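Reader: Hello! I have a structure here that I would like to understand better, and I would be glad if you could take me through one part of it closely.

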Amino acid sequence: MNAAAPAVKPKLLVATTSLAGCFGCHMSLLDIDERLLDLIDLVAFDRSPITDIKHCSPHCDVGIIEGGVCNAENVHVLHEFRKNCKILIAIGACAINGGLPAQRNSLDIGDILAAVYALPGRGVQVPNDPEIPLLLNAVHPLHEVVKIDYFLPGCPPSGDAIWKFLTDLLAGRTPSLGHGLIHYD
Amino acid sequence: MSDTQETNCFFLDDEAIPFTPGQTIIQAALTAGKYIPHLCYHPEFKPHGSCKLCTVRIDSRTIATEDGQTIKIPGRAAASCTTPAQAGQHVESNIPELLDLRRTLIQMLLVEGNHFCPSCEKSGSCLLQGLAYALGVMNPHFPQYFSKREVDASHPDILLDLNRCILCELCIRASAEVDKKHVFSLSGRGHSKHLICNAESGKLGDTNFSATDKAANVCPVGVILHKRHGFETPYGQRRFDQNPINAHAEQYAPVKEQV
Ligand code: SF4
Ligand code: SF4
Ligand code: FES
């Protein structure tokens, strides 16, 4: 059987998602521009906003996650990714240290909801539809919830940084960014 | 010993570095254009020796064992900003063990404060961030403290964002030694240690602090910020966008002899 197998490497299966992020990292992924064509020679997308597939296949090779964890649904999605992806990458400032959403962490969640949902003359009406995921009392970076294998900082990381990172990884090297590509902002 | 002609040289990662007696290892190295990471060292102030980023190993030895192996006995670890250079000394700085330890120190600083670089006015010219870039720090590793720290906007020209204070005491030293005002001090111990202002209200606006004070212009991170000047330099043109922190080490060298 081996002798008849074509010498084509199977494509790596990649899943992506945005938790408590702004989709900026996904936009930056699209910023690798025409290199996307090279990328899709090497990878196939599984669960991702790009494909609109709703759940991870059981044997994804790489999971790329943008955004930290701010609500109960984020926790479930993160666990689904960890369960189904061999390698998990935290991409962007929010995934790595909570980022902008985590700046609410010094405030009480009850006070925040009361301030945000105070309607003039009608008191406080916090939406409580069961469809709406419950907020956590604080926003957490991904590695505080599951094991993360690689981190790609930036807000967002540039298309060039993403390209360098992914091509290093696909070539079996430890990703290294170097001056100009490593950024926290 | 036999190398009397090398009296005023030591070796940094095997390179001969000249020094004048009384200079510290970091002063001589930076003068010779060799960068040693540092945060609390500043060319114009007496060394403080608190951040430990500048730690080097001095006089490691390699010995041969009976079965023909060689073993490295690490030399003593010392802060190069407080340790005087000595002739013939062998100093190691750029070695994997120390680079790892420095990364860990940076990670601990990053989680101890609230460092959200994308919204920080100092981003791009911050020494903590620049050092993290140069060392390739890709993540904070430790859980975030999310400590509750104050922002003091009481002064007309200066904003004090204590979320980012690394307790390097440069502002304290500058205010005491140069400005002769003693505006800042540290209070508390351990994780509750924090910067305080010398006013009954505790507010910077109630001190005699001025934006032209030396202390207003030494903070290596984004704590002491000049109002109405945030984000003036565009992304891509900021200090460490242009050159990494370890380029042109002479920029951190002492200007004249330290007293
Ligand atoms: S002080 Fe430096 S490390 Fe901290 S948030 Fe600002 S730029 Fe980032
Ligand atoms: S305010 Fe800045 S200069 Fe002063 S101790 Fe904190 S980090 Fe250092
Ligand atoms: S530079 Fe901080 S201990 Fe030497």
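How many positive and negative side chains does chain A have, and how far apart do the centres of the two sets lie? Please fill in the picture around that, and then take a close look at helix 3 of chain B.

Author: Happy to! Keep in mind that this is a predicted model. Chain A carries 13 positive and 20 negative side chains, with 6 Å between the centres of the two sets. Those charges belong to a chain of 185 residues, 44% of which count as buried. Its accessible surface is about 9,800 Å², and carbon and sulfur atoms make up 61% of that. Chain A contains six helices and nine strands, and its C-alpha atoms fill a box of roughly 75 × 40 × 30 Å along the principal axes.

Now to helix 3 of chain B, which covers residues 127-135. Eight of its nine residues are buried, so the helix is largely enclosed by the rest of the structure. Buried here means under 20% relative accessible area. The buried residues are B:L127, B:L128, B:Q129, B:G130, B:L131, B:A132, B:Y133 and B:L135. Their cover includes two other helices of chain B, namely helix 2 (96-112) and helix 5 (239-242). Just after helix 3, B:G136 takes a positive phi of about 70°.

One more feature involves chain B: the largest pocket, with about 820 Å³ of space. Among its 35 lining residues, B:E121, B:K122, B:S125, B:C219 and B:R239 lie nearest the centre. Strand 12 of chain B (residues 224-226) gives the most to that lining, with three residues.

Methods. Residues are numbered from 1 along each chain as its sequence is written. Chains are lettered from A and ligands numbered from 1 in the order in which they are written. This is a predicted model: local features need pLDDT of at least 70, side-chain atom pairs count only at pLDDT 80 or more; totals for chains, interfaces and linings use all residues. Side-chain values use heavy atoms; hydrogens and water are left out. Helices (H or I, at least four residues) and strands (E, at least two) are DSSP runs, numbered from the N terminus. Buried means under 20% relative accessible area, exposed over 50%, partly exposed in between (1.4 Å probe, protein chains only). Accessible areas come from the Shrake-Rupley method with a 1.4 Å probe; for residues, only the protein chains shown count as cover. Lys and Arg count as positive and Asp and Glu as negative; His and the chain ends are not counted. The place of a charge is taken as NZ of Lys, CZ of Arg, CG of Asp or CD of Glu. On a 1 Å grid over the protein atoms alone, a cavity is a set of points where a 1.4 Å probe fits but cannot get out, and a pocket is an open set with protein on both sides within 12 Å along at least five of seven lines; lining residues have an atom within 4 Å of a point. Grid points are joined across faces, edges and corners, and a volume is the space filled by probe spheres set on the points. Contact means heavy atoms within 4.5 Å.
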